[in-house]
Amino acid sequence: DSIVGAEEANRRRLEAGDHEWSLRLGGQRRRSNPPATQEENFGEWNAALERPLRLPGKATDDAELGAAGVAVAESARQEAMRESRRALLRGWFLWLRESAAADQWSAQTKLLAQQAGGTRRRQQLGDAARLEAVQSDAAQAQAEAQSVQARLRRDNAALELQRRFPGLPLKAAAEISSPAPIEGSMAEWIDRIVGQSHEVALARGEAQKARISASRAGRDRLPDPTVGFHVSTERGGEDHIVGAYISIPLPGEGRRAIADGALAQSAAANHREAAAVQKVSTEAATLHQSAVAALATWQSSLAAARQLGQAADMSARAYTLGEGNLGEMLSARRLANEAQLAAKVAQLDAFELRYRLLLEANRLWNTESSR
């Protein structure tokens with residue numbers, strides 16, 4: 001806001017111009033000593049009021065230049081706000097992923113604790129070897145260590161999020177819904193994102209500002225004249241003089257160099273604008289492709305998690321009936337846990353990419369709700 005305010009003040013300055021009235025006052029003492037007459041002394045004074053005149057076209061360029069500066073500052077402010085929203089989105093989903101990992105490892109720890117207790121009871125009854133009890137306890141200890149680390153990462157993510165965005169309520173949903181598919185073609189999303197991009201608007205505004213500056217510098221090759229009026233008295237008030245004058249600077253090579261430099265800066269700004277459009281359109285295409293692929297990735301991960309979960313349950317039943325061994329069951333549990341965690345992460349990734357796509361298209365917090 002302060003930058004926009006500064007540009008607003010600069011716009012008013014450019015519209016008003018720096019052509020101000022100047023007042024000149026002077027006094028002198030005249031001594032006259034003509035031949036054969038007595039020496040005479042006279043008090044004399046003079047005053048002049050003058051002002052440079054802005055030539056036609058320059059005022060229009062100055063007004064457009066001031067407006068372009070305000071537009072650039074506003075685009076920069078909007079881009080800073082969007083970057084803050086991006087940071088909020090990243091931090092929020094990081095916390096959700098770490099929360100999901102903490103919950104998954106907590107559930108895995110409880111499951112392995114139950115398994116370790118059952119194995120110890122079987123050992124006491126003589127149905128399991130001591131090695132199996134040791135393996136069960138080791139698996140439980142490993143899961144507890146992972147659970148502690150997951151809770152630490154979750155708490156760190158929550159702390160960072162609350163430090164950056166004070167007052168943000170952190171409450172994860174009990175159940176996460178299925179991600180919605182991405183509607184619309186890639187070309188439609190690219191056009192929308194490029195059209196709503198403050199980064200492109202900023203580069204475009206700077207290019208426009210550079211073009212106006214080049215036009216203004218070209219006009220300055222013809223200097224502004226200064227007009228003035230003067231009055232004076234001579235010979236102690238015996239003579240009164242009133243007059244007008246005009247002063248025109250003679251342009252030199254310096255003005256031509258300034259104009260050439262402004263044209264070169266305008267060309268560079270045009271190249272930066274084209275590069276910004278290419279960058280944003282490329283990022284939009286990549287983001288759209290990633291968001292579409294993330295949905296398929298989650299669906300595949302979910303199917304794999306269900307199958308591995310069923311395999312782990314079957315392995316546990318087989319071990320209970322004495323038809324399997326503990327190592328195979330623990331391995332199946334580990335694979336099922338990893339698959340379930342991967343499915344949750346893929347689900348949150350799909351949501352984050354979808355919301356990021358909506359954010360870049362300016363549809364997340366304006367025309368649509370967050371879910």
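Here are some friendly questions and answers on how features of this predicted model get their labels.

The model is predicted, so local features need pLDDT of at least 70 and side-chain atom pairs count only at pLDDT 80 or more, while totals for chains, interfaces and linings use all residues. Residues are numbered from 1 along each chain as its sequence is written, and side-chain values use heavy atoms, with hydrogens and water left out.

Q: Why is Trp95 called buried?
A: Buried means under 20% relative accessible area, exposed over 50%, and partly exposed in between, with a 1.4 Å probe and protein chains only. Trp95 has a relative accessible area of 8%, so Trp95 is buried.

Q: Why does Trp92 count as partly exposed?
A: Its relative accessible area is 24%, which places Trp92 between the two cut-offs.

Q: What makes Lys171 exposed?
A: Lys171 reaches 70% relative accessibility, and therefore counts as exposed. This residue sits in the loop between helix 3 (130-164) and helix 4 (186-196). Its C-alpha is 9.3 Å from that of Leu96, although 75 residues separate the two in sequence.

Q: How many aromatic pairs does a search of the whole structure find?
A: The search finds 3 aromatic pairs. One is Trp92 with Trp95, whose ring centres are 5.2 Å apart and whose planes meet at 50°, so this pair is tilted. The rule is that rings of Phe, Tyr and Trp (its six-membered ring) pair if their centres lie within 6.5 Å; planes under 30 degrees apart count as stacked, over 60 as edge-to-face and the rest as tilted.

Q: Why are Trp92 and Trp95 separated by about one helical turn?
A: Because they are 3 residues apart in helix 2 (residues 58-124). Helices here are DSSP runs (H or I, at least four residues), as are strands (E, at least two), numbered from the N terminus.

Q: What makes Phe93 and Tyr355 a tilted pair?
A: Their centres are 5.9 Å apart, and 55° lies between the planes. That is within the pairing distance and between the stacked and edge-to-face limits, so the pair is tilted. Phe93 belongs to helix 2 and Tyr355 to helix 7, so the pair ties together parts that are 262 residues apart in sequence. Both Phe93 and Tyr355 are buried, and with Phe351 they form one aromatic cluster.

Q: How do you know that strand 1 and strand 2 pair?
A: Two strands pair if DSSP finds at least two bridges between them. Strand 1 and strand 2 (residues 40-52) are joined by 11 bridges and run antiparallel, so they pair. One bridge partner is Phe42 in strand 2, facing Arg30.

Q: What order do the 4 strands take in the open sheet?
A: The order is 1-2-3-4, with antiparallel pairing. Strand 1 (22-32) and strand 4 (239-247) are the edge strands, each pairing on one side only. Strand 2 joins strand 3 (residues 226-234) through 8 bridges, and strand 3 pairs with strand 4 over 9 bridges.

Q: Which residue takes a positive phi in the hairpin of strand 3 and strand 4?
A: Arg235 does, near 55°, in a hairpin with 4 residues between the strands.

Q: How do the residues lining the largest cavity divide?
A: The lining has 6 nonpolar residues, no polar and 1 charged. Among the lining residues are Ala180, Pro181, Leu295 and Arg354. Ala, Val, Leu, Ile, Met, Phe, Trp, Tyr, Cys and Pro count as nonpolar, Asp, Glu, Lys and Arg as charged, and the others, Gly among them, as polar. A cavity is a set of points on a 1 Å grid over the protein atoms alone where a 1.4 Å probe fits but cannot get out, and lining residues have an atom within 4 Å of a point.

How values were computed:
On a 1 Å grid over the protein atoms alone, a cavity is a set of points where a 1.4 Å probe fits but cannot get out, and a pocket is an open set with protein on both sides within 12 Å along at least five of seven lines; lining residues have an atom within 4 Å of a point.
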